[in-house]
Amino acid sequence: MTDYLFKPGDNKLAPLLLLHSTGGDEQQLLPLAELVAPGHPILSIAGRVNPDGPRRYFKLRGTGGFTPDNFDLNSLAKESQWLSQTIIELSQKHELDLSRMIALGYSNGANILLDMLLSDLIAFDNSIAFHAMRLKEHPTLREKKSRSLFLTYAKNDEIVPLDNFKSLKTELESAGCRLTVFESTLGHQLSEEEVWAAKQWLTDLSAATNKT
């Protein structure tokens, strides 16, 4: 059984996909979504790893913390496949236009969001990734010139080292993604400034789309 939340909205607006951080659930980012993208239909899907504890979208190898060496890449591949298929199925169930969907992930949710994108499991033209990190190499990268991403990071992020974020940024640029990067100052926490910057990015994106 998949734990998820669907909140109807204005069908003229692009549906918004929410992917929570470690320890969150399908409710966690709802207040954020209503601030960043008011009125949009919302689909929020909970990770299925460790449902009775701190939920995640993929497993850790052990107790070594949130480091690339401690991420279970087999679990990541399996869960990315499951999540991408679940997004497709739930979009069909709730009659959401997947081709217009905007994905928003924070931390663990942002990590699996970008893995699905870079692994070509599902295509989001527009995505917001708060405090994501590079989990693995993607040796074969297809061109993604139509993909626009809003990324945030902080030099004092206690989970995502600056070098790791720079590597992620380079990989996304190599794939042809159009990036907008915002530097926060609150470590791994979401700051008010980056949330408002994400809202402005979406507003500008919508305005540009309506002109075409």
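This is a short tour of the structure, with one selection to make at each stop. The model you have open is predicted.

**Stop 1: the sheet**

Start by showing the strands as a cartoon. You should find 7 strands in an open sheet, ordered S1-S3-S2-S4-S5-S6-S7, with mixed pairing. S1 and strand S7 (178-184) stand at the edges and have a single partner strand each, so one side of each has no neighbour in the sheet. From one strand to the next, the twist averages 15 degrees.

As a reminder for newcomers, strands of a sheet pair through backbone hydrogen bonds, either parallel or antiparallel. For an antiparallel example, select S1 and S3, which are joined by 4 bridges. Within this part of the sheet, look for Phe-6, which stands opposite Leu-43 in S3.

**Stop 2: the helices on the sheet**

Keep the sheet visible and add helix H3 (108-118). Which strands does H3 touch? H3 packs on the sheet against S2, S4, S5 and S6, and its direction makes about 135 degrees with that of S4.

Next, add helix H4, residues 162-174. H4 lies across S6 and S7 and runs at about 170 degrees to S6.

**Stop 3: helix H2**

Now select residues 73-93, which make up helix H2. Its 21 residues reach 30 Å from the first C-alpha to the last, close to the 30 Å expected at 1.5 Å a residue.

Look at the start of the helix and show the side chain of Asp-72. One of its side-chain oxygens reaches to within 3.1 Å of the backbone nitrogen of Asn-74. Then go to the other end: just after H2, Glu-95 takes a positive phi of about 55 degrees.

Which residues of H2 are buried? Among them are Leu-76, Trp-82, Leu-83, Ile-87 and Leu-90, along with several serines, including Ser-75, Ser-80 and Ser-84. To see what covers the buried residues of H2, bring back strand S1 (4-7), strand S2 (16-19), strand S3 (42-45) and helix H3, which are included in that cover.

**Stop 4: three salt bridges**

The count of salt bridges comes to 7. Here are three to visit.

- Select Glu-79 and Arg-48, whose side chains meet in a salt bridge at 2.7 Å, N to O. The pair links distant parts of the chain, with Glu-79 in helix H2 and Arg-48 in the loop between S3 and H2, 31 residues apart. Glu-79 is buried, at 6% relative accessible area, while Arg-48 is partly exposed at 38%.
- Select Asp-115 and Lys-136, which form a salt bridge of 3.5 Å, N to O. Asp-115 lies in helix H3 and Lys-136 in the loop between strand S5 (126-130) and strand S6 (148-154), so the pair ties together parts 21 residues apart in sequence. Asp-115 counts as buried, with 3% relative accessibility, and Lys-136 is partly exposed at 21%.
- Select Asp-125 and Arg-147, where the closest N and O atoms of the salt bridge are 2.5 Å apart. Asp-125 is in the loop between H3 and S5, Arg-147 is in the loop between S5 and S6, and 22 residues separate them. Is Arg-147 buried or exposed? Arg-147 counts as buried, at 16% relative accessibility, whereas Asp-125 is partly exposed at 29%.

**Stop 5: around Asp-125**

Stay with Asp-125 and display its surroundings. Leaving aside neighbours within four places in sequence, Asp-125 is in contact with Ser-99, Ser-146, Arg-147 and Ser-148. If you would like to try the distance tool, pick the C-alpha atoms of Asp-125 and Glu-171: they are 17 Å apart, and the residues are 46 apart in sequence.

**Stop 6: two positive phi angles**

Most residues other than glycine have a negative phi. For the last stop, pick two that go the other way.

Ser-107 has a positive phi of about 60 degrees although it is not a glycine. Find Ser-107 in the loop between strand S4 (102-106) and H3, where it counts as buried at 11% relative accessibility.

His-131 also is not a glycine, and its phi is positive at about 55 degrees. His-131 sits in the loop between S5 and S6, and it is buried, with a relative accessible area of 1%.

Definitions and conventions. Residues numbered from 1 in each chain as written. Predicted model: local features only at pLDDT ≥ 70, side-chain atom pairs only at ≥ 80, totals over all residues. Heavy atoms only, no water. Helix = DSSP H or I, 4+ residues; strand = E, 2+ residues; numbered from the N terminus. Expected span 1.5 Å × (residues − 1). Buried < 20%, exposed > 50% of the residue type's maximum accessible area, 1.4 Å probe, protein only. Contact = heavy atoms within 4.5 Å. Polar contact = N/O pair within 3.5 Å; in protein donor to acceptor, adjacent residues only side chain to side chain. Salt bridge = Lys/Arg side-chain N within 4 Å of Asp/Glu carboxyl O. Pairing = 2+ DSSP bridges. Axes fitted to C-alpha atoms, helices over the stretch in contact; angles between N-to-C directions.
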